[in-house]
Amino acid sequence: MLRYALKRLISLVISLAVASVVIFAVIEVAPGDPASFMLGVNAQEDTLEALRAELGLDVSKVQRYFNWVSGMLVGDFGTSYTYRTPVSQMIADRLWVSLPLALYALALSTAIAFPVGIYAAARRGKPGDLTVMGATQLGIAVPNFWFAMMLVLIFAINLRWFNAGGFSGWDKGFWTGIHSLTLPAIALALPQAAILARVMRSSLLDILGEDFMRTARAKGLSRRQALWQHGVRNALIPVLTIIGLQFSFLLAGSIIIEQVFYLPGLGRLVFQAISARDLIVVESVVMLLVFAVITVNFLVDLAYAAVDPRLRSRT
Amino acid sequence: MSRSLILGAFLSSLVLLAALVSFVWTPYDYAALNIPDKLQPPSAQHWFGTDHFGRDMFSMIMVGARTSIAVALVAVGIGMALGVPLGLAAAARKGSWLDELIMRGNDLVFAFPSLVIAILITAVLGAGAINAIIAIGIFNIPVFARITRGAALSLWESEFILAARVSGKGAARISAEHILPNVANLLIVQGTIQFSLGILAEAGLSYVGLGAQPPTPSWGRMLADAQTMFSFAPHLALIPGLAIIVTVLGLNLLGDGLRDWLDPRIRVARA
Amino acid sequence: MSLLQIENLSLSIHGADILKQVNLSIAPGQIVAVTGESGSGKSMTALAVMQLLPNGAEAEGAIRLNGHDLVNRPESDMCALRGASIGMVFQEPMTALNPVKTIGDQVMESILIHKAMPRAHAHDRAAEVLSRVGLPPDRFPLSRFPHELSGGQRQRVVIAMAIALRPKLLIADEPTTALDVTTQAQILDLLKGLVSEYGMGLLMITHDLAVVAGMADQIVVMRHGEVVETGATSHLLRHMQHPYTRMLFEASGHQVALPETAQSQPLLEVTNVVRDYRLPRKRLFDTPQHHRAVDRVSFTLNRGERLGLVGESGCGKSTLTRAILGLEEVQVGDIRLDGQPVFSGHKPNLAVRRKMQVVFQDPYGSFNPRHRVARLVTEPFHLLDSPPRGREMEDRIAEMLTAVGLSPDDMGKYIHEFSGGQRQRIAIARALIIRPELILFDEAVSALDVSVRAQILDLLAELCEAYDLTYLFISHDLSVVRTITDRVMVMRAGKIVEEGDTESVFSDPQHQYTKDLINAAPTLPDFGQEVA
């Protein structure tokens with residue numbers, strides 16, 4: 001078990017290292033000098049030099065890469081070209097919106113998908129199954145940001161249960177914050193829940209065909225007992241993979257959804273940074289997203305081992 | 001043939017037809033401004049109504065279908081053209097450094113959701129439909145590489161491949177002659193699914209301004225334009241959204257139907 | 001009074017008739033074997049007793065357990081009976097256990113689901129039955145997971161689950177088919193012991209007539225869903241009435257007469273061959289361990305000779321086969337065909353490959369489903385510098401298909417149009433078409449029904465006559481190897497432990513392992529063969 005975790009951890013570090021090189025290299029290709037962009041075309045050469053030194057741009061590219069990475073390791077993401085404030089501060093503020101949103105959506109999606117998938121698998125081919133599968137087919141086809149607009153139209157504009165946009169902040173209490181993230185989370189979660197429910201169902205149906213399910217029935221377990229005692233846990237193995245993948249979709253999706261609800265999250269930050277050519281912010285946000293995805297997949301790998309004893313002892 | 005295959009083929013060809021017809025005919029010029037007629041609801045003159053510049057929505061949807069299909073199709077093409085050979089090569093040399101390199105490379109690309117790739121590209125090159133194609137295409141590569149490798153690996157264990165090896169055939173020849181034809185069905189089905197995911201991704205990217213730029217119409221940007229007005233002109237948001245849903249639903253049904261029709265045994269991971 | 005009484009049981013699944021008017025009965029302490037080839041309906045009979053039939057199944061007639069009919073019993077009643085009054089053991093021990101639960105939990109579940117006793121007692125009972133089936137908790141703790149056990153040990157766990165509540169009736173569906181002969185003998189002994197100890201009735205489903213003859217009190221022979229003959233074992237074996245029964249027993253012990261050959265110079269020379277596989281490391285900084293699959297093997301196969309290679313699963317015979325075929329390189333030693341190495345400079349030697357062909361076990365997986373027979377059969381032409389083309393090629397295909405007992409018209413068909421036995425004929429045609437010097441038969445008849453197997457063995461004997469075949473016949477089935485080879489090698493744990501003339505090795509084995517193997521293999525009694 002320890003060896004397995006350690007192996008995964010090493011692969012996580014390598015992935016992060018390679019990803020950081022890729023991101024840095026891509027941003028390096030970008031045309032233009034941030035210093036002259038910030039100071040305008042008429043800036044004096046010596047002012048530019050001074051600014052470059054201040055931004056850490058006066059050293060070689062390799063040196064800059066190592067400065068960037070070593071800075072990130074201690075939480076220093078550099079200084080924003082446009083706002084002249086620490087990027088880490090800007091990101092931290094926005095992360096408090098984006099991360100809870102993604103996690104909230106993940107929790108919703110899982111909470112909806114599991115029962116629905118199990119329900120459909122248990123009633124394979126019957127009207128209940130067909131209805132649920134038809135609904136998930138539709139759910140997959142709905143773009144989440146359009147679904148978000150429809151939610152706003154119905155629940156915010158017509159029914160006035162929620163605000164149409166904006167974020168209350170966490171200062172006014174946890175539940176107020178959750179309330180203002182609810183519509184965005186639902187918009188994000190439902191299409192993903194449709195996918196997850198389908199995966200849960202087909203994974204369970206695969207398991208139902210396994211020999212050990214027949215063994216369980218031969219012991220005297222009813223269909224339902226066999227499904228719960230022997231089916232669900234085995235079916236979780238492929239489902240976990242999809243949950244891991246979904247986290248990256250949810251994080252990316254939250255960037256888009258933030259646009260619909262005017263939420264001050266990472267999405268708005270990164271789009272503002274792109275239009276202002278504040279590349280250090282873009283670079284850092286992208287790195288953070290990639291870090292999150294890789295870390296979640298690492299956690300999923302650990303969860304596999306918890307579910308499947310074969311993985312635990314093999315290594 | 002199943003109902004989902006027929007319905008899926010019907011919806012998909014409907015959208016394809018609209019895109020093709022738009023090259024020679026649209027009810028109105030999709031770019032023609034007509035401010036006095038702005039924000040009209042659907043009517044006999046304007047089947048899908050008009051937008052805030054009085055442009056005909058039906059014409060815009062038709063031309064937008066072109067953008068969506070072109071972006072998603074080329075992205076699937078990129079994914080297949082690069083991913084399938086990589087997957088075949090990885091399976092043929094299972095456990096080798098090449099396999100390891102390809103699979104680790106795959107994992108790495110999976111860590112970059114297509115939106116993130118699009119953000120990176122846009123930061124460097126500026127926004128445009130090409131960016132969307134590249135971003136979605138890159139993300140498709142590991143999808144196809146992985147599914148090809150998985151299916152190829154089990155084929156490599158089968159005895160007819162051993163027989164071909166005993167007959168002196170090399171890995172490349174076996175991959176082309178025996179493996180590829182036997183994974184083709186799987187790739188067609190996965191291709192349909194990636195196509196539909198590509199349509200969704202393109203809409204998302206255009207919505208946040210990282211996709212096709214004006215004046216090229218695209219469904220995602222029509223929705224972005226509708227953002228401030230849909231509370232009093234809901235058709236601005238409803239119609240492009242329904243266009244996306246019909247297309248994606250059609251392609252998904254087509255994929256499901258094809259899977260059953262081509263071979264009931266194969267499985268496709270919806271990644 | 002009988003324990004189980006099946007009366008006029010008919011079964012259809014989605015309208016297709018599976019069973020027709022089946023009758024059989026089992027008394028307490030009695031072993032009844034239901035036998036027949038694939039498609040005979042023997043497994044469906046077992047599932048019908050359990051009422052675990054596939055969807056769409058409709059049963060008529062009666063299945064009485066202690067006088068109470070089980071057909072159309074409510075599901076809740078059946079749940080109470082299954083595991084408590086009727087236990088069942090399945091064919092595939094590797095997949096019959098839930099991989100994510102411990103063996104203790106799975107045995108205890110049999111007890112707890114019927115609320116037979118409190119948890120603490122159930123734990124003791126689980127340990128007790130596991131000991132009884134040969135898995136004492138001091139050596140096999142209840143906390144073990146299935147993947148930590150061998151196939152035979154897993155089958156013991158399945159048996160423990162089935163007998164935990166001392167059911168009156170035990171059903172075993174091909175319980176030893178997936179196991180090696182020595183393990184099979186142990187499991188059969190265990191089942192026999194349990195039957196006499198607990199006074200259970202045992203309904204045993206098996207295709208293996210030798211197992212049936214050695215074990216059953218009563219035999220039921222089935223074909224196409226019907227019982228063709230039934231009777232007490234000793235009586236039925238002496239007085240078979242139905243021609244199908246006779247054919248079945250004849251085919252099971254089928255003997256062929258190989259033509260005499262003049263053995264001359266060596267063709268295949270295997271010298272001191274070693275093949276190691278790296279094992280995954282147990283701990284992070286361990287030096288990697290190796291598993292030696294083939295351990296300094298040397299032998300010679302002469303031109304015209306028919307050599308057998310027998311051994312149990314994992315003995316290294318498959319690895320050796322792959323090495324001879326040049327599919328994998330060996331670490332140490334030398335494999336030469338006609339004086340030339342099969343591997344030269346880390347690459348398979350094509351000049352050698354064209355002198356060698358192979359027939360595999362699986363008649364379903366041996367062919368690309370997308371190619372026609374003509375293309376499948378001619379694949380080895382790839383090895384030739386100037387393969388025949390056009391008319392000449394078609395003549396060769398026609399000749400080969402005729403030689404293996406098929407029609408030249410078959411060359412335009414796809415593989416799914418053929419039965420398992422026909423496919424194996426096509427595989428032989430493919431191997432013969434370039435007239436190789438050596439053919440390897442890798443478990444080539446193991447997946448076939450006995451009657452089909454007998455036909456393929458006859459075909460091999462004919463082909464020996466017509467084409468002077470030299471072959472290496474790899475199999476786990478001793479009776480087949482005994483009749484189809486001149487000389488035999490016995491392999492165990494990567495080593496060849498005994499080799500010699502087939503007949504003398506079988507009648508007078510020298511090595512202890514060979515003796516064990518021959519003793520463990522169930523045999524048909526002699527009078528069974530005389531009937532034909």
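These legends walk through several close-up views of a predicted model.

**Figure 1. Chain A is built from helices.** Welcome to chain A, whose secondary structure comes to 13 helices and zero strands. Following the sequence from start to end, the pattern is therefore easy to remember: α-α-α-α-α-α-α-α-α-α-α-α-α. Taken along the principal axes, the box filled by the C-alpha atoms of chain A is roughly 85 × 55 × 35 Å. Of the 315 residues in chain A, 41% are buried. If you like contact maps, look away from the diagonal: among contacts of chain A with a separation of 6 or more, 71% join residues 24 or more positions apart.

**Figure 2. A:Ala194 sits in helix 8 of chain A.** This view centres on A:Ala194, a residue of helix 8 (174-208) of chain A. Is A:Ala194 buried or exposed? A:Ala194 counts as buried because 24 other C-beta atoms lie within 10 Å, and the cut-off for that label is 20 or more. Leaving aside residues up to four places away in sequence, A:Ala194 touches A:Thr136, A:Gly139 and A:Ile140. For a sense of scale, pick out A:Leu289, which is 95 residues from A:Ala194 along the chain. The C-alpha atoms of A:Ala194 and A:Leu289 are separated by 24 Å.

**Figure 3. Chain A meets chain B.** Here the view turns to the contact between the two chains, with 39 residues coming from chain A and 31 residues from chain B. Several helices of chain A each supply at least two residues of the side that touches chain B, among them helix 1 (2-29), helix 6 (127-141) and helix 7 (144-158). Helix 8 (174-208), helix 10 (223-261), helix 11 (266-275) and helix 12 (279-307) of chain A also each supply at least two. What classes of residue make up the side of chain A that touches chain B? That side has 34 nonpolar, four polar and one charged residues.

**Figure 4. B:Ile119 belongs to the largest nonpolar core.** The largest nonpolar core of the model has 349 residues, and those with the most contacts inside it are B:Ile119 and C:Leu203. Which element gives the most to this core? Helix 2 of chain B does, with 20 residues. Zoom in on B:Ile119 and you will find A:Val270, A:Ile274, A:Val282 and A:Val286 of chain A touching it, along with B:Leu210, when residues up to four places away in sequence are not counted.

**Figure 5. Confidence varies along chain B.** The mean pLDDT of chain B is 87, and 96% of its residues reach 70 or more. Which elements of chain B have the lowest and the highest mean pLDDT? Helix 4 (residues 114-125) of chain B has the lowest, at 83, while helix 2 (residues 57-92) of chain B has the highest, at 93. One stretch to keep in mind is residues 264-271 of chain B, where pLDDT stays under 50. For those residues the model has 15 contacts beyond four places in sequence.

**Figure 6. Chain C mixes helices and strands.** Chain C contains 19 helices and 22 strands. How does the radius of gyration of chain C sit with that of a compact globule? Chain C has 26 Å, which agrees with the value near 24 Å for a compact globule of 532 residues. The C-alpha trace of chain C spans about 75 × 60 × 45 Å along its principal axes. Buried residues account for 46% of chain C.

**Figure 7. An open sheet in chain C has four strands.** The strand order is 12-11-14-15 (chain C), with antiparallel pairing. Strand 12 and strand 15 (340-341) of chain C are the edge strands, each pairing on one side only. Strand 11 (residues 266-278) of chain C runs antiparallel to strand 12 (residues 290-302) of chain C, and nine bridges join them. Across that pair, C:Asp276 stands opposite C:Arg292, and C:Val273 has C:Val297 as its bridge partner. Strand 11 of chain C also pairs with strand 14 (residues 332-337) of chain C over five bridges, where C:Thr271 is partnered by C:Asp334.

**Figure 8. A hairpin joins strand 1 and strand 2 of chain C.** Strand 1 (residues 4-13) and strand 2 (residues 16-26) of chain C pair in the antiparallel sense over seven bridges. Within this hairpin, C:Leu11 stands opposite C:Leu19 in strand 2 of chain C. Two residues lie between the strands, and C:His14 in the turn has a positive phi of about 50°.

Notes:
Residues numbered from 1 in each chain as written. Chains lettered and ligands numbered in written order. Predicted model: local features only at pLDDT ≥ 70, side-chain atom pairs only at ≥ 80, totals over all residues. Contact = placed C-beta atoms within 7 Å. Nonpolar A, V, L, I, M, F, W, Y, C, P; charged D, E, K, R; others polar. Pairing = 2+ DSSP bridges. pLDDT = per-residue confidence, 0-100. Buried ≥ 20, exposed ≤ 12 C-beta atoms within 10 Å, placed from the backbone. Core = buried A, V, L, I, M, F, W, Y, C linked by C-beta atoms within 7 Å. Rg over C-alpha atoms; globule rule 2.2 N^0.38 Å.
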